[in-house]
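Visitor: I am new to this structure and would be grateful for a guided introduction. May I put some questions to you once it is in view?

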Amino acid sequence: MPAEWWRDAVIYQIYPRSFADSDGDGYGDLPGIISKVDYLASLGVDAIWLSPFYLSPMADAGYDVADYEQVDPLFGNLDDADRLIEAAHAAGLRVVVDLVPNHTSDEHRWFRDAVAAGPRAPERDMYVFHDGRGENGELPPNNWKSVFGGAGWTRLHRPDGTPEQWYLHLFDVKQPDLDWSTERVREAFDGVLRFWLDRGVDGFRVDVAHGLVKAEGLPDWDVEQAAMLGGQSGPMWDQDGVHEIYRRWRGVLDTYDGDRSLVAEAWVADPSRLALYLRPDEMHTAFNFQFLDCHWDASAYREVITATMASNGAVGAPTTWVLSNHDVLRHVSRLGMADPGSSHEGLGMRDEQPDHVVGLQRARAATLMMLGLPGSAYLYQGEEFGLPDHTTLPDTVRQDPTWFRSGHTRVGRDGCRIPLPWAADRPGLGFSPNGATWLPQPDGYADLALDRQADDPASTWTMYRDALGARRDLGLGGAELTWVDAGEPVVAFDNGPVRVMANILGAPVPLPDGYRVLLSSGPLAGGTLPMDTAVWLSRA
Ligand code: GLC
């Protein structure tokens with residue numbers, strides 16, 4: 001496999017519980033993924049990234065890890081993980097696993113030991129324990145909130161009910177934050193990295209990479225100022241101290257052969273802050289959430305593409321592109337909203353409903369534009385079928401902690417985590433052998449099932465497969481972008497031998513002379529590029 005594969009790879013995100021269920025419990029599992037490895041290779045991606053499959057009480061769908069070195073029985077066992085890594089490698093796919101270092105589950109042994117050891121015991125140093133404010137410590141140590149809603153601190157009580165210290169959890173109450181100023185935490189994670197590197201994984205997606213270090217003294221959070229700065233700003237995010245952790249990890253990875261890599265999930269205020277994570281001795285890549293959150297507007301896309309290439313280029317890092325993942329409204333739904341880019345929050349039946357016809361047309365255009373860009377790109381399972389979110393899930397089936405912690409004001413992310421439709425006429429749309437699905441699938445998913453699309457030249461699936469094939473054959477991931485002026489509403493650039501044009505909200509524009517159409521995201525009318533359509537052209 002080519003060196004520095006991460007510079008131009010297309011990486012397919014698998015959310016294991018919703019990908020493919022082999023045993024009929026309604027939850028996807030590792031054997032289910034193994035059964036689809038050939039499918040993934042035929043789609044034409046270069047790598048897979050697996051969301052967490054480790055031992056977990058599943059308070060946050062596995063992002064609450066109780067043991068980093070065990071597979072949760074819901075998903076299988078370590079042998080399955082080994083078999084999956086082997087099968088993927090045999091099919092030419094790299095394997096990236098999720099690393100969740102900001103917090104553990106409260107059921108992790110480290111946390112249990114810390115609680116049992118009592119205030120000021122060395123075991124407590126692994127987490128952010130603190131005495132409360134107020135006369136009797138009855139007030140939380142500061143005003144930090146949980147990302148999912150509600151307070152960011154919870155007070156512990158002794159078995160007899162006496163209150164004692166508080167612990168920090170930037171996410172759910174069952175996700176206590178680790179204290180990364182403690183050497184024991186750092187050493188423990190060196191071990192976790194090695195455990196999976198020894199098993200052959202090609203890299204790690206680093207969860208909440210901007211959150212590990214908290215500002216000295218845990219000062220109150222100036223919420224208004226944070227809102228002005230954008231991204232996730234505040235004394236818990238993007239502190240300069242995180243970088244020495246990533247330099248340390250890079251040191252560990254570099255002792256292994258085979259080009260292992262790190263990708264940061266870091267929601268920071270601007271591209272120049274993100275580039276700090278990508279310095280030559282830190283992470284290799286980072287998700288480009290500014291691209292995901294872009295308004296449906298040609299100049300906004302030009303700006304974000306230019307800014308990312310400049311800031312990443314300055315530190316020698318490739319760009320990455322992403323439109324959907326397990327935390328945001330899928331781009332078919334997002335781009336079908338009246339103001340795409342204003343929010344990527346999940347939707348419920350009481351919210352404005354997206355126009356999924358418009359959304360799919362735009363999503364296909366956005367995808368073709370994305371796959372025409374140089375750098376590495378991320379796909380989220382099911383986007384190759386053009387899946388929208390389930391935006392009318394009954395509240396009774398919701399599982400995302402966001403729904404509960406926000407006092408039922410934010411529906412959360414269940415809508416983008418629906419079990420995949422593989423076969424239109426099978427129970428559960430072929431997700432599981434008996435039709436069981438941990439969340440219900442919306443009506444529209446049957447028409448989007450893989451078996452309805454695989455042989456249809458006009459289907460979204462065919463567009464993805466053809467674009468991935470052409471991208472690889474023409475070396476687009478490693479080519480150079482040059483902007484082309486094709487008028488205000490058109491994002492147009494040359495990349496290697498291909499001219500990419502995306503007409504965003506504009507009147508039809510003529511296609512240039514001397515080119516032929518390689519791929520298009522929708523029908524082209526009489527030599528013109530219609531609104532919300534993208535094409536790849538090559539010189540005739
Ligand atoms: C990341 C994950 C998200 C999870 C959170 C807490 O943002 O992508 O799914 O809830 O971290 O681990």
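**Sheets, helices and loops**

Guide: Strand E15 (residues 490-495) pairs with strand E16 (residues 498-503) over 6 bridges, in the antiparallel sense. Please note that this is a predicted model.

Visitor: Which residue is the bridge partner of valine 490 in E16?

Guide: The two strands, E15 and E16, are antiparallel. Within this pairing, the residue of E16 that forms the bridge with valine 490 is asparagine 503.

Visitor: Which strands stand at the edges of the open sheet of 5 strands?

Guide: This sheet has the order E14-E15-E16-E20-E18, with antiparallel pairing. An edge strand has a single partner, so one of its sides is left without a neighbour in the sheet. The strands in that position are E14 (481-483) and E18 (515-520).

Visitor: By how many degrees are neighbouring strands of this sheet turned against each other on average?

Guide: The sheet in question has the order E14-E15-E16-E20-E18. With direction ignored, the average turn between its neighbouring strands is 30 degrees.

Visitor: What angle does the direction of helix H12 make with that of E20?

Guide: Helix H12 (residues 356-371) packs on the sheet, where it touches E15, E16, E18 and strand E20 (533-539). Another helix, H15 (residues 460-473), lies across E18 and E20 and runs at about 125 degrees to E18. For H12 and E20, the angle is about 35 degrees.

Visitor: Is aspartate 532 buried or exposed?

Guide: Aspartate 532 is found in the loop between strand E19 (528-529) and E20. Its phi is near 60 degrees, a positive value in a residue other than glycine. Buried means under 20% relative accessible area. Aspartate 532 has 3% relative accessibility and therefore counts as buried.

Visitor: What is the order of the open sheet of 3 strands?

Guide: Its pairing is antiparallel, and 4 bridges join strand E7 (residues 153-157) to strand E8 (residues 163-168). Strand E6 (129-130) and E7 stand at the edges, each with a single partner strand. The order is E6-E8-E7.

Visitor: Which residue of E8 stands opposite arginine 155?

Guide: E7 and E8 run antiparallel, and tryptophan 153 stands opposite leucine 168 in E8. For arginine 155, the residue opposite is tryptophan 166.

Visitor: Which residue takes a positive phi in the hairpin of E7 and E8?

Guide: This hairpin has 5 residues between its strands. The residue with a positive phi, near 95 degrees, is glycine 161.

Visitor: How does the reach of helix H7 stand beside the expected value, and what is that reach?

Guide: Helix H7 (residues 242-254) has 13 residues, for which 18 Å is expected at 1.5 Å a residue. From its first C-alpha to its last, H7 comes close to that value, reaching 19 Å.

Visitor: How far apart are the axes of H5 and H7?

Guide: Two packed helices are described by the angle and the distance between their axes. H5 and H7 pack at an angle of about 35 degrees, and their crossing is right-handed. Residues that make the contact include Phe189 and Leu193 of H5, with Ile245 and Trp249 of H7 among those on the other side. The axes lie apart by 10 Å.

Visitor: Where does aspartate 238 lie?

Guide: Aspartate 238 has a positive phi of about 50 degrees although it is not a glycine. Its relative accessibility is 12%, so it counts as buried. The residue lies in the loop between helix H6 (223-229) and H7.

Visitor: Which side chain does threonine 104 join through a polar contact of 2.8 Å?

Guide: Threonine 104 lies in the loop between E5 and helix H4 (109-117). It counts as buried because its relative accessibility is 0%. Residues that threonine 104 touches include Val65, Trp110 and Leu178. Its partner in the polar contact is tyrosine 127.

Visitor: How far apart in space are proline 388 and phenylalanine 148?

Guide: Proline 388 lies in the loop between strand E13 (376-380) and helix H13 (401-405), and it is buried, with a relative accessible area of 11%. Among the residues it touches are Arg330, His356 and Tyr445. Proline 388 and phenylalanine 148 are 240 residues apart in sequence, and their separation in space, C-alpha to C-alpha, is 23 Å.

Terms used. Residues are numbered from 1 along each chain as its sequence is written. This is a predicted model: local features need pLDDT of at least 70, side-chain atom pairs count only at pLDDT 80 or more; totals for chains, interfaces and linings use all residues. Side-chain values use heavy atoms; hydrogens and water are left out. The expected span of a helix is 1.5 Å times one less than its number of residues. Buried means under 20% relative accessible area, exposed over 50%, partly exposed in between (1.4 Å probe, protein chains only). A polar contact is a pair of N or O atoms within 3.5 Å; within protein, one must be able to donate a hydrogen and the other to accept it, and residues adjacent in sequence count only if both atoms are side-chain atoms. Contact means heavy atoms within 4.5 Å. Two strands pair if DSSP finds at least two bridges between them. Axes are lines fitted to C-alpha atoms, for helices over the stretch in contact, and angles run from 0 to 180 degrees between N-to-C directions. A crossing is left-handed if the near helix is turned anticlockwise from the far one by less than a right angle, and right-handed if clockwise. Lists of a residue's contacts leave out its neighbours within four places in sequence.
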